[in-house]
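Good morning, everyone, and thank you for making the time. I would like to walk through one protein chain slowly, so please keep the picture open beside you as I talk.

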Amino acid sequence: MLNLNNPDSNALQDPVSLNVGGEVYTTTLDTLTRCQDSMLGAMFKGQLPLLRDRRGNFFIDRDGKVFRYILNYLRSSSLDLPDDFKEMSLLKREADFYQIRPLLEEIGRREAGEGGPAGRSAVLSADVDSQLRMLHFNLKRAPENYELCTVAVRVHTANVFCTSCAFVQLLCRRFSYLRAREGPLAPQPDEGRPNYLRLEWTPRPEQLPPEQYEKHRFRELAAAAPPPRGSLPVPDTRAFMEEVLKLALAEGFRVDSVFPDPADILNCRSLRFVRY
């Protein structure tokens with residue numbers, strides 16, 4: 001067995017090769033620990049001992065064929081299954097073994113019918129706005145010397161509605177709030193309204209001291225990115241709309257309307273999608 005907490009063990013480095021029930025996969029440590037409270041995350045954070053096969057691959061004695069869907073889910077936060085997939089109960093059992101709770105929730109929605117033909121029909125709208133706000137604060141130059149400073153900050157807001165709660169949850173996993181003294185925080189739908197998601201974020205100007213930024217409880221927004229980058233900042237509403245557009249198209253939506261200028265989709269204030 002390999003214990004990653006043991007300094008005498010071989011260091012774990014990317015890429016990571018896994019032998020799952022005879023099927024070999026290659027991925028990154030970031031992907032395997034994407035869901036940090038899962039058993040799979042615990043395995044590759046050094047909290048559980050691991051086995052290696054004769055070729056040096058990490059070995060997990062579970063079903064290897066359905067693991068591809070679990071691994072792809074961790075990579076993209078999207079459960080992509082073929083139309084004729086008939087092993088949902090097996091996939092659910094494996095997701096339960098690895099304790100990947102967001103995947104279990106997605107499987108539960110599929111089993112309840114939301115992933116079927118009728119459940120795939122959905123309407124999605126995304127509206128954004130930006131407001132310029134002037135901040136006035138005293139900046140300490142010396143023990144008895146304070147200077148009154150003024151800095152302009154841009155507060156961005158986004159309001160998303162989708163008739164598919166699963167897509168709203170997918171958006172929540174796509175984005176995260178960043179604050180200097182806290183770890184990343186996933187946004188959540190409005191309380192009691194799982195179809196609605198409101199985001200508000202404020203990039204910090206260079207002229208604004210970090211302590212003033214924290215004092216006003218501003219937050220930055222980041223979007224999930226492929227390894228090794230992990231996440232990328234969302235500096236404005238254009239970048240936000242680009243992420244929504246990529247995710248919506250990947251989930252089978254098509255653009256229905258753009259406001260105000262259909263020829264400039266990324267700089268729009270409102271996007272509407274439909275999925276049949």
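Before the first view, a definition: contact means heavy atoms within 4.5 Å. I will also give angles, and for these the axes are lines fitted to C-alpha atoms, for helices over the stretch in contact, with angles running from 0 to 180 degrees between N-to-C directions. Helices (H or I, at least four residues) and strands (E, at least two) are DSSP runs, numbered from the N terminus.

Please bear in mind that this is a predicted model, in which local features need pLDDT of at least 70 and side-chain atom pairs count only at pLDDT 80 or more, while totals for chains, interfaces and linings use all residues. Residues are numbered from 1 along each chain as its sequence is written, and side-chain values use heavy atoms, with hydrogens and water left out.

Let me begin with the chain as a whole, which has 9 helices and 13 strands, and whose C-alpha atoms fill a box of roughly 70 × 55 × 35 Å along the principal axes. Of its 276 residues, 42% count as buried, where buried means under 20% relative accessible area, exposed means over 50%, and partly exposed lies in between (1.4 Å probe, protein chains only). Among the contacts with a separation of 6 or more, 60% come from residues 24 or more positions apart.

Now to the sheet of five strands. It is an open sheet in the order β9-β6-β5-β13-β12, with antiparallel pairing; two strands pair if DSSP finds at least two bridges between them. Which strands stand at the edges? They are β9 (196–201) and β12 (254–259), and each has a single partner strand, so one side of each is left without a neighbour in the sheet. From one strand to the next, the twist averages 20°.

At one edge, β12 is joined to β13 (residues 270–275) by 5 bridges, the two running antiparallel, and within this pair S257 has R272 of β13 as its bridge partner. At the other edge, β6 and β9 pair in the antiparallel sense over 6 bridges, and V160 is matched with L197 in β9.

The side chains of β9 deserve a pause, as they alternate along the strand: L197, L199 and W201 point to one face and are buried, while Y196, R198 and E200 point to the other and are not.

Two helices meet this sheet. Helix α7 (residues 165–174) lies across β5 (122–142), β6 (145–162) and β9, running at about 20° to β9. Helix α9 (residues 237–250) packs on the sheet as well, touching β5, β6, β9, β12 and β13, and its direction makes about 150° with that of β5.

Staying with β6, we find A152 in that strand. Is A152 buried or partly exposed? At 35% relative accessibility, A152 counts as partly exposed. Leaving aside neighbours within four places in sequence, A152 is in contact with L132, R133, M134 and P205.

There is another open sheet to look at, with 4 strands in the order β2-β1-β4-β3 and mixed pairing. Its edge strands are β2 (23–27) and β3 (51–52), each of which pairs on one side only. Strand β1 (residues 16–20) pairs with β2 in the antiparallel sense over 5 bridges, and S17 stands opposite T26 in β2. Helix α3 (residues 67–76) packs on this sheet, touching β1 and β2, and its direction makes about 10° with that of β2.

From α3 we can move to helix α5 (residues 101–111), whose buried residues are L103, L104, E106, I107 and R109. These buried residues pack against α3, α4 (88–98) and α7.

My last residue is C35, which lies in the loop between α1 (29–32) and α2 (39–43). With a relative accessible area of 11%, C35 is buried, and, apart from neighbours within four places in sequence, C35 is in contact with G41, L74, I100, R101 and P102. To relate C35 to the sheet we started with, try finding V258: the two are 223 residues apart along the chain, and their C-alpha atoms are separated by 35 Å.
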